[in-house]
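Q: I am new to this structure and should like to learn how its pockets are read. Where should we begin?

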Amino acid sequence: MSLALVILAAGKGSRMKSALPKVLHQVGGLSLVEHCLKTGAALDADRTVVVTGHGGEAVGETVSKAAPEATIVTQTDQLGTAHAVDQARAALADHEGYTIVLYGDSPFIRAETITAMHQQCLGGAAVCVLGFEAASPSKYGRLILGPSGLEAIVEAKDATKDQLEITLCNSGVMCAKTRDMFDLIAQVDNANAKGEYYLTDLPGLARAKGGRCAVVTCDEAETLGVDSRIGLAKAETYFQSTARMAAMEAGVTLRDPDTVYFSHDTRLGQDVIVDPFVQFLPGVTVASDVHIKAHSVLEACRVERGAVIGPYARLRPGAAIGENARIGNFVEVKNAQLGTGTKVNHLAYIGDAEIGESANIGAGTITCNYDGVFKHKTKIGARAFIGSNSSLVAPITIGEDALVGSGSVVTKDVGDGDLAVGRAQQVTKPGWGKRFMDKLRNKKAEGK
Ligand code: UD1
């Protein structure tokens with residue numbers, strides 16, 4: 001039976017104090033709303049509707065890029081969660097299946113949890129709600145349970161003193177048969193403390209029609225929602241601790257886990273060792289047996305088996321580091337492929353380049369890839385040796401087994417096996433150095 005996803009993302013998020021719509025703030029390098037879309041993709045949802053409002057254009061742009069098949073609808077006035085879901089009515093008018101409502105600012109609801117809710121509905125529940133035991137339930141809607149399951153949800157502002165004692169709370173995630181959900185929403189009124197159309201009225205309305213409602217529970221952390229910068233930081237902390245645990249469980253050594261930062265899509269192979277203070281920005285894949293030394297930053301790059309990166313290395317988008325290659329301290333690599341066993345061990349910039357296997361790139365080598373307007377390519381053949389402090393002015397090709405003398409500024413191609421030296425000739429004057437220094441010292445001693 002098919003599953004549709006309605007993601008509520010219309011809220012202003014004024015506590016964020018930001019020009020950016022709340023759901024576009026990022027956790028693990030991915031916007032909150034994209035986390036929800038990712039969950040939808042994991043569930044193989046056949047329809048996704050995102051309800052936008054404040055900052056709708058920007059949210060719509062992000063959603064269309066991440067999930068082109070999603071429908072974007074606008075909730076012009078934010079009249080409550082039921083009113084928000086109602087904006088998806090036309091988009092789901094012909095949907096034969098179940099609908100899950102997610103909040104765009106709650107990025108951690110797992111696909112497994114939603115599947116469990118879906119199962120409850122397939123098993124006959126008219127509405128299934130995701131609940132959690134709240135450490136501090138104050139503002140949350142309370143789940144009122146009875147002998148036959150969930151009887152109602154009461155919002156904190158509308159609750160009696162006794163109801164406020166309940167710690168089982170509403171996460172906001174809800175599942176129901178699509179057609180039934182919209183039928184029930186049509187009956188929701190706004191006669192409550194906030195004067196809003198509450199989605200939380202659905203279980204009570206379903207029960208009044210003789211339906212049975214169910215609760216699936218999860219940890220409070222999974223329901224974590226972001227509504228301030230403090231909430232955003234808490235979400236990041238939760239994301240990072242989950243990602244660190246997952247990496248270690250998959251066979252990665254993190255020498256000091258709390259100092260390693262992951263992105264939503266970081267992929268590390270088995271027996272990778274990560275030293276302290278390493279940052280994985282989005283788009284990184286690292287094969288097995290790689291050692292990433294301290295203070296390295298990797299982004300949108302690929303590192304093959306057995307390579308050693310860092311300390312203090314920066315791999316930028318498009319870096320592809322071959323098997324057993326070495327990228328040492330203060331080396332920056334961007335949009336460049338490095339062959340098996342190639343070494344760039346110290347203080348270098350390799351940009352827009354293609355380097356064959358077993359090449360040695362000396363300390364201080366720079367590929368001069370940018371003429372101020374265009375980017376140009378540097379090609380270096382297998383086993384080439386580039387002497388320290390060389391500038392390779394692209395576009396340029398250095399052949400296989402070629403040698404470049406240190407301190408060279410290379411502006412013309414170098415053939416296979418050739419030597420290129422492009423620097424001023426050395427002049428040596430016997431005894432001149434000492435004579436000159438003595439002269440200066442004598443001058444100082446005479447007080448001149
Ligand atoms: C809601 C639930 C409450 C639950 C809590 C969990 C209702 C009435 N209450 O309360 O039971 O414990 O979430 O966090 O559902 N939104 C829209 N359009 C609107 C209103 C809300 O898109 O018109 C979106 C918001 O952007 C937000 C989400 O829906 O992402 C929740 O809305 P909010 O008004 O914050 O609900 P709560 O008061 O937190």
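A: A pocket is, on a 1 Å grid over the protein atoms alone, an open set of points where a 1.4 Å probe fits, with protein on both sides within 12 Å along at least five of seven lines; lining residues have an atom within 4 Å of a point. This is a predicted model, in which local features need pLDDT of at least 70, side-chain atom pairs count only at pLDDT 80 or more, and totals for chains, interfaces and linings use all residues. Residues are numbered from 1 along each chain as its sequence is written, and side-chain values use heavy atoms, with hydrogens and water left out.

Q: How many residues line the largest pocket, and which lie nearest its centre?

A: Its lining comprises 49 residues, with Lys 22, Tyr 103, Asp 105, Lys 139 and Asp 227 nearest the centre. By class, 17 are nonpolar, 20 polar and twelve charged; Ala, Val, Leu, Ile, Met, Phe, Trp, Tyr, Cys and Pro count as nonpolar, Asp, Glu, Lys and Arg as charged, and the others, Gly among them, as polar.

Q: Where is the ligand?

A: The ligand takes up space that is the largest pocket; a molecule sits in a pocket if more than half of its atoms lie within 2 Å of the pocket's grid points.

Q: Which polar contact does Thr 81 make with the ligand?

A: A polar contact is a pair of N or O atoms within 3.5 Å. A side-chain N or O atom of Thr 81 lies 2.7 Å from a ligand oxygen, and a backbone N or O atom of Asn 170 is 2.6 Å from an oxygen of the ligand. For Gly 11, a polar backbone atom is 3.0 Å from a ligand oxygen.

Terms used. Polar contact = N/O pair within 3.5 Å; in protein donor to acceptor, adjacent residues only side chain to side chain.
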